[in-house]
Amino acid sequence: MEKLLQVNQLETQFTKDKQKLKILRGVSFHINKGEVLGLVGESGCGKSLTSLSIMKLFKGTSGEISGGSISFKGEDLTHKTEREMRKIRGKQMAMIFQEPMTSLNPVMKIGEQLLEPIRLHLALNEKQAKEHVIFILKKVGIPRAEEIVYEFPHQLSGGMRQRIMIAMAMSCNPQLLIADEPTTALDVTIQAQILELMKQLQREEGMSVLLITHDLGVVAEMCDRVAVMYAGRVVEEANVFDLFESPQHPYTKGLIGSVPKIGQRKDKLTSIKGNVPDPGNMPKGCKFAPRCNEAMAICLEEEPHATDLGNGRMCSCWMIEEGRKNVYA
Amino acid sequence: MPETLLKISGLKKSFTLPGGMFSKKRSLKAVHDVSFGIEQGTTYSLVGESGCGKSTTGRLISRLLTPSHGEIWIDGEEISQKKESQLKLVRKKVQMIFQDPYASLNPRMKVREIIAEPLVIHTKRSKAERNHLVSEMLEVVGLTEHHADRYAHEFSGGQRQRIGIARALIMKPKLIIADEPVSALDVSIQSQILNLLKDLQTEFNLTYLFISHDLSVVEHISDNIGVMYLGTIVESGPKDVIFSNPQHPYTKALLSSVPVPDPRLRRERIVLQGDLPSPVNPPSGCRFHTRCPACMDICRTVEPEVKKGLADDHFVACHLMD
Amino acid sequence: MIPILFIVSILIFFFTHLIPGDPARLVAGKDATLEEVNIIRAELGLDQPIWDQYITYMSNLFQGDLGTSLKTGLPVSEMFADRFMPSIYLTFMSMGWALVLGLLIGTLSAVFKNKWPDYFGMVTAVSGISMPGFWLGLILIQIFSVQLGWFPTGGAESWKSYILPSITLGAGIMSMLARFTRSSLLETLRADFIRTGRAKGLKESVVIPKHALRNSLIPVVTIAGLQFGFLLGGSVVVETVFSFPGMGRLLIDSIAFRDYPVIQAELLLFSIEFILVNLIVDIMYSMLNPKIRYVT
Amino acid sequence: MEIIKEVNAYTPVIPKKKYSPVKEFFKNWKKQKLAFGASIFILLLIIVAIIGPYIAPYDPYEPDYNTTLQGPSNEHWAGTDEYGRDIFSRLLVGARISLGVSFLAVFLGAAGGIILGLMSGYFGGWLDRLIMRGSDVMFAFPDLLLAIAIVAILGPGLTNVVIAVSIFSIPSFARLVRGSTLEGKETVFVEAAKSMGASHRRIMFKHIFPETLGSLIVFITMRIGTAILAASSLSFLGLGASPETPDWGAMLSLGRDYLGTASHVVMMPGLAIFLTVLAFNLVGDGLRDVLDPKTKNE
Amino acid sequence: GCSSKESGTDEKESSGSSSSPKEEELVIAVNENFISMDPHNTGDTNSNSVQTAMLEGLLGSDEEGQIIPQLAEEYSVSDNALEYSFKLRQGVTFHDGEPFNAEAVKTSFERIMKDESLRLNSRGFNLITSIDVIDDYQIKVTLKEPYAGMLTRFVSAKILSPKLINDSSNDIGKTPVGTGPFKFVEWVQGDHLTVERFDDYWNKADRVKKITYKPVPENGSRVAMLKTGEAHVIYPAPVQNLKELESNSDVEIHKIPSTIARYVSINTMKEPYDDVRIRQAINYAVNKEAFISVVNSGYGLPLDSIIPSKTQFYSKQETYDHNIEKAKELMKEAGFEDGFNAEIWGNTNSDTLKGMQFIQQQLKEIGITVEIKSMEEGTLSDEIYGAQTPEEAKVQMWYVSWSAYPSDTTNATKPLFSSSSFPPDGANTAYYKNDDVDKWITEVNQTADPDKQAEIYSNIQSAIYKDAPWIFLGVDEILAGSRSNVEGVFISPTGGINVTDANLK
Ligand SMILES: Nc1ncnc2c1ncn2[C@@H]1O[C@H](COP(=O)(O)OP(=O)(O)OP(=O)(O)O)[C@@H](O)[C@H]1O
Ligand SMILES: Nc1ncnc2c1ncn2[C@@H]1O[C@H](COP(=O)(O)OP(=O)(O)OP(=O)(O)O)[C@@H](O)[C@H]1O
Ligand SMILES: [Mg+2]
Ligand SMILES: [Mg+2]
């Protein structure tokens, strides 16, 4: 399979009061052509930041990429200028954000907002562009597309707005769609509609999707492969079936165990003790060690390396690493 | 037979929306004829989509709002139209836990003050006594005495929610209304809090009114469930019935919409078409008919009555039941 | 609007008559005898009970008659006629440059936040509201009229006479608008839809004017409208410094003379203007903010 | 209760450094360079206001007809006025008056505004409408005109300037506080307090009022600048302090006749006013950046 | 969109620089707004000034303020001071083309007689019993009782075109029509009033084509206008700027002794001021020269009588020279060795504020602590005239000035010192009561014999000056500035601006 995106040891930091705060501490994963990769993890672990780093959308923040590489279609994005990135954004990669309420400009008509990337990236004249807008709107299942273009975002429901966001992202046929928690703000019944739509569009267009979520249910429904993030790193990467069947990293295990499942009838959920560490105050060694029930001495001292488990599986845990060593020893 | 702690019947609440520059005032029926009861020591959950009136129902019961119609009986006392001055006793018995652990704690108060606030309001205990009780409560919810002199924003979301729970428990209330207490939390923290709530229930024989939009959480914690749609309860009953044998098309759709964290269980879902109608202009007849996959003619005009379903305490409001 | 004006007119009437001082005495002059003063008082209708005066005033008002100045004996409407337009011109001119410069400075400051254009812009802005108007005016006259001879020192004859007063008057407003624009724009620039715009591949030179500025203008319009309303009332101080024949000075002169009809009419006019301006601001507000426009 | 104990043990150790809002404030405050400088200037000014009369090199009231209208020199740092009085000494002594008048006016106005605004925002209904319509009417008249009218009724003099300036400050404070109160009223922790049965008074003063403090402090700071300007404008129109008083506005106003001949008589008090108001505005701006939660996380 | 419609034409006219070859328009900047153009109902100097350019009375006044014939070629007063006969000038026309004759005079005078609300009515014209037109150019006016100020009233009672009076009396206040050297063009409220040369004026002479009067209250602005050439004449020129202006070669300064007396009235019925020694002590304590040099920047004359020297029948008195010793002695004699607390009232003008400060400083020397109460004019007049009886009066000292026509000594004395003029009936705020003076004032107004009048006035002046009901501060010098190319403009002692012969070089 062909890799569309390869993120390698990506490091991203913010500067606050002249102090550098590294949030992404070496993120690595890849996305193949036509595949949906799920990026899961708890709040604050750096999921959104990973996606913003890929697009290099740091304007207005102190964020910057301080290490690693992002290779998109064989080209390293980390060295691209803002001008070059603008050609890529919206055309080759597009993004959908979590909040459909605030991600659309409240004072611009829907049509105008949709027209922008089309006029910018596609060589279409005014009329063709407008037709394209209608076409795209119909494609994402918007009824009354011809009228909707003259309306403002607040006149639409949350689900409709998210459809508009999807339409906007799809309008220039990007190869990569980054969807950052596209359904978190929506009700379950609407979430079901949106997920259904995304699945269908992804299949039709053969697009690659980076789906960011913290909902394991959504991951199980949507993704081909999954990367699990914890404290600014990918701790486990696997095929979706393998991940749910035999999670390797204690964090992944804990995560799956924490979710109540309908029909499961557990009296008590397994839970991960403690809290997510604060980026300014990271523990030494494995960042998960203080919360890990199986932590060993080495875990508190040194960070584990990514171990290739074959079959595209990857995991960073001393238990695996040590276990391997023992096997080979 | 366990005693019924809370009983509400025919509860209604409408809000008046201010008119715009060129428009008239309109009324919004947030809660429209809701009835249920909760027995001592059990958990009753309200589920439904955003805006269906779950929180409003909770606020009516805690009398943060005054119902337009209907009765609220708590511990044998009818409180639906009581004045603020007459509510003090009720306020002792009923405590609330809120969704947003960041917003529900006053950022300018120390944890000690926050937890002790009900004591200050309702009792004349000395400062030392209050401090003692606060420390005790902190232990109960899994925090320590050291935390008492800090401000709430120094804590993580899960810890804050524990503080909120401590505050709710300190008056030894009979009923706790928990409005989406875990929706803002990460799954790993969510499970800690759910476990805590369950433990506390056994320990103190608490009664919960649990409000949530997350069906899996609801299934985990409740004994009985009410499914709400646009201000009404469309189906209610013991959790087993609701989850294993739902009768109302909305309940069925809701259940099928929940993504299951198991890739092998990918299935055909019932995807409801369209959006939730506005409560300002609810559809005529059955409120669900605009999105119902099994809509009949009668549904458009006649409001379905609440009928007994599969069990004694199972009720459904749907014409399909006829 | 009519009921508000009715209440306002009552308030104005009694407020005006509450100010101590006897217009008849002031009209008559220092050397007048009591007899003369009494004749004048009768002539002016001030010997009537206050309720009768009020009824007369209101019934005249309903017929569109603002009354006659006690001091000059001229119809109030005529006294307004010559002063109203200069006040309006001055208002528009002050507001005009204050808006243009204020928005410009505010935008630059926000875009170059914490860089030198920001510091420079904000120090300018803060200076503008920190200067006593009459001081600034006097200094401007000294420099630009007396020393350089570029502009006349006062009056309202040609466009040149408006320059210095409008600078003096607009300085504070410009500053206020600059600061509001800056903070409003900074807030908008943090909004999600700005990130959406950038994610589409738009340039900053499109994102800022097209997406950010329009959203930021909403609160700025309100402030500008409020200031505009105040300006219409004329600025007493600036009109005094520049001998500007505007409404503000007329009011001060009239208060000094207890010229009731003029004071009343002018206060009433201010209220109407203020209400009108607020109405216009509401309309502009809804033009900028579709949420309000489409409330159904 | 085993499980709970278990959870308890897992709670991470809290960092040792204790959070203190005051320390936090000063830490951020030092970063606001302009505002920090301005706040030191104001501090000095307040000290001058207190000790001004004791450090003034000359008697600010004593005329000396031999040295009228002299420009700045070694003997008279800011020159002398038309009575030969030392302007520098008058400025020093006048600091107390100018600051006193504006502080007092603003605090009175704030006190009135806070009470009205809290009640208006918290109770709503007809009370709210009454208070807001009242403030609308007051808003409809330019501040200065209102002050002039008030002074015309009460007569000129510093006390009446204080009253006039404070009265026209009330509506803006009332609006501000009402706005924050409406916001505060909607917060969940207020709802929580209500659900616990807290009294109106407790909710208003313990929970809502502290929420308004941030913007209130900012506004008060800025408003002091406005009050200084307003008071000096009143003096300019001859409605302020009695003329021998070394009030800055009065000095400026009476000195304006000498702009062409002895400009320092105007420039010196003008500069004093300008710098003071500037300092208050800069501090206000800085405070907003530090106190306003919206701009905090920049 | 800021320039008004007129700006196109205005720009040319108001150009500040003096580059144009021959200027056609004279600009006069005065300190206050004009109130009314109705000459029969005008009380303020500035309105009067403008009116004199357009309107004329039977009598006029010369540079010194003395009465001269104007539209009357000759006049005479009967011995009993009741009949005034005028022989009118022939060949005079009004600006609207109406002929000037005895009927026209009668029409104007009758207007004043009939309308009680006009100022001139209560000042003399209500005493008229008959107006007899003898022929077209002769007219006789008869009074019912003698009134010494009547001649001065004939100066004020400008003759208006009968057409104007008969047509619409409403417009008189706005668009006066008379016989003067200039005719009315426009009056933009608050901004300017323009008059234009009347080419059919009876007294042909070369004069400027147009005159514009502008009210400019701010002193500094008026000075700036003179310096830049925006104004050709400014009145008054602020004393503070005189040195600066004198050094300017384009500008000329005019100093005219006025009839404006500046004084502080002392309430002679109030403790401790009821003791003449206290009042004298106060007068000795105040250094008049210093007053003139500090408050008036050196311009002004001492007030060495109760009336200024320009006023008819003035006689100089021995002044209270600055003498602290003597003042202290008097204080001691009166039992106030340690002084007392006093209060001085005044309006909010900056000059008044300065003057009051000066008094405050001076009286401190003899232990009197003065509190300054400056009040806004309307409030002040309420405070002063609100007292119905001397006992009610709260006023102690009032810093004020008084101005009367040089020819009208009655008005310079009676309202100020007659016991019939206590507020609210008059301006005797010293509550001065001297039976002799009361008697003399009545007497002097019943004779038309100038010698007799002079004698009585001399008695009045010396009696009052000794009683010191005022602090006699000074007589203002009227200060005006003009560009050096201005000719034929003079300022009268009352502050009127005479432009009959105005021209620009
Ligand atoms: N502009 C910024 N300046 C400083 N720190 C930032 C900024 N944006 C994000 N962070 C920090 O980076 C970390 C990761 O943030 P990110 O938004 O990527 O988390 P996330 O995994 O997307 O979480 P969530 O599920 O809550 O969206 C957080 O700790 C956050 O505090
Ligand atoms: N104070 C109020 N004034 C006007 N309308 C209100 C008010 N409170 C709630 N509503 C409206 O009543 C309806 C029900 O609101 P409610 O908060 O009870 O919903 P909910 O089921 O709790 O939704 P969510 O899951 O979003 O919390 C909504 O349409 C809401 O907009
Ligand atoms: Mg995120
Ligand atoms: Mg809710």
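These exercises work through a predicted model, taking its ligands, cavities and chains in turn.

**Exercise 1. Find which residues of chain A come closest to ligand 1, and which polar side-chain atoms reach its oxygen atoms.**

Solution.
Step 1. Start with the shell. Ligand 1 is surrounded by 13 residues. The closest are Ser43(A), Gly44(A), Lys47(A), Ser48(A) and Leu49(A).
Step 2. Look for polar contacts, with a cut-off of 3.5 Å. Ser48(A) places a polar side-chain atom 2.5 Å from an oxygen atom of ligand 1. For Ser43(A), the corresponding distance to an oxygen atom of ligand 1 is 2.6 Å. Glu181(A) also has a polar side-chain atom at 3.2 Å from an oxygen atom of the ligand.
Step 3. Check the burial. Ligand 1 exposes 630 Å² when taken alone, and the protein buries 64% of that.
Step 4. Assign the shell to secondary structure. Helix H1 (residues 47-55) of chain A gives the largest share, three residues.
Step 5. Sort by class. The shell around ligand 1 holds five nonpolar, five polar and three charged residues.

**Exercise 2. Describe the surroundings of ligand 2, from the nearest residues to the elements that supply them.**

Solution.
Step 1. List the neighbours. There are 14 residues around ligand 2. Ser50(B), Gly51(B), Lys54(B), Ser55(B) and Thr56(B) come nearest.
Step 2. Take the side chain. An N or O atom in the side chain of Ser55(B) sits 2.5 Å from an oxygen atom of ligand 2.
Step 3. Take the backbone. A polar backbone atom of Gly51(B) is 2.7 Å from an oxygen atom of ligand 2. Cys52(B) contributes a backbone N or O atom at 3.2 Å from an oxygen atom of the ligand.
Step 4. Check the cover. On its own, ligand 2 has 630 Å² of accessible area, and the protein covers 68% of this.
Step 5. Name the elements. In chain B, strand S1 (4-17), strand S2 (26-39) and helix H1 (54-61) each give at least two residues to the shell. H1(B) gives the most, with three residues.
Step 6. Sort by class. The shell of ligand 2 comprises six nonpolar, five polar and three charged residues.

**Exercise 3. Count the cavities of 30 Å³ or more, then characterise the lining of the largest cavity.**

Solution.
Step 1. Consider the method. Empty space shows up when a probe the size of a water molecule is rolled over the atoms.
Step 2. Count. The model has 17 cavities of 30 Å³ or more.
Step 3. Take the largest cavity. Its volume is about 120 Å³.
Step 4. Locate its lining. The lining has 15 residues, of which Asp81(D), Glu82(D), Arg85(D), Arg90(D) and Met251(D) are the closest to the centre.
Step 5. Map the lining to elements. Helix H4 (87-123), helix H10 (248-255) and helix H11 (264-291) of chain D each give two or more residues. H10(D) has the largest share, four residues.
Step 6. Sort by class. The lining has eight nonpolar, three polar and four charged residues.

**Exercise 4. Give the secondary structure and the extent of chain C.**

Solution.
Step 1. Count the elements. Chain C has 14 helices and zero strands.
Step 2. Measure the trace along its principal axes. The C-alpha atoms of chain C span about 85 × 60 × 30 Å.

**Exercise 5. Determine how far chain E lies from chain A and from chain B by their closest C-alpha atoms.**

Solution.
Step 1. Take chain A. No contact joins chain A and chain E, and their closest C-alpha atoms are 30 Å apart.
Step 2. Take chain B. Chain B and chain E also have no contact, with their closest C-alpha atoms 32 Å apart.

Definitions and conventions: Residues are numbered from 1 along each chain as its sequence is written. Chains are lettered from A and ligands numbered from 1 in the order in which they are written. This is a predicted model: local features need pLDDT of at least 70, side-chain atom pairs count only at pLDDT 80 or more; totals for chains, interfaces and linings use all residues. Side-chain values use heavy atoms; hydrogens and water are left out. On a 1 Å grid over the protein atoms alone, a cavity is a set of points where a 1.4 Å probe fits but cannot get out, and a pocket is an open set with protein on both sides within 12 Å along at least five of seven lines; lining residues have an atom within 4 Å of a point. Grid points are joined across faces, edges and corners, and a volume is the space filled by probe spheres set on the points. Ala, Val, Leu, Ile, Met, Phe, Trp, Tyr, Cys and Pro count as nonpolar, Asp, Glu, Lys and Arg as charged, and the others, Gly among them, as polar. A residue is near a molecule or strand if one of its heavy atoms lies within 4 Å of it. A polar contact is a pair of N or O atoms within 3.5 Å; within protein, one must be able to donate a hydrogen and the other to accept it, and residues adjacent in sequence count only if both atoms are side-chain atoms. Accessible areas come from the Shrake-Rupley method with a 1.4 Å probe; for residues, only the protein chains shown count as cover. Contact means heavy atoms within 4.5 Å.
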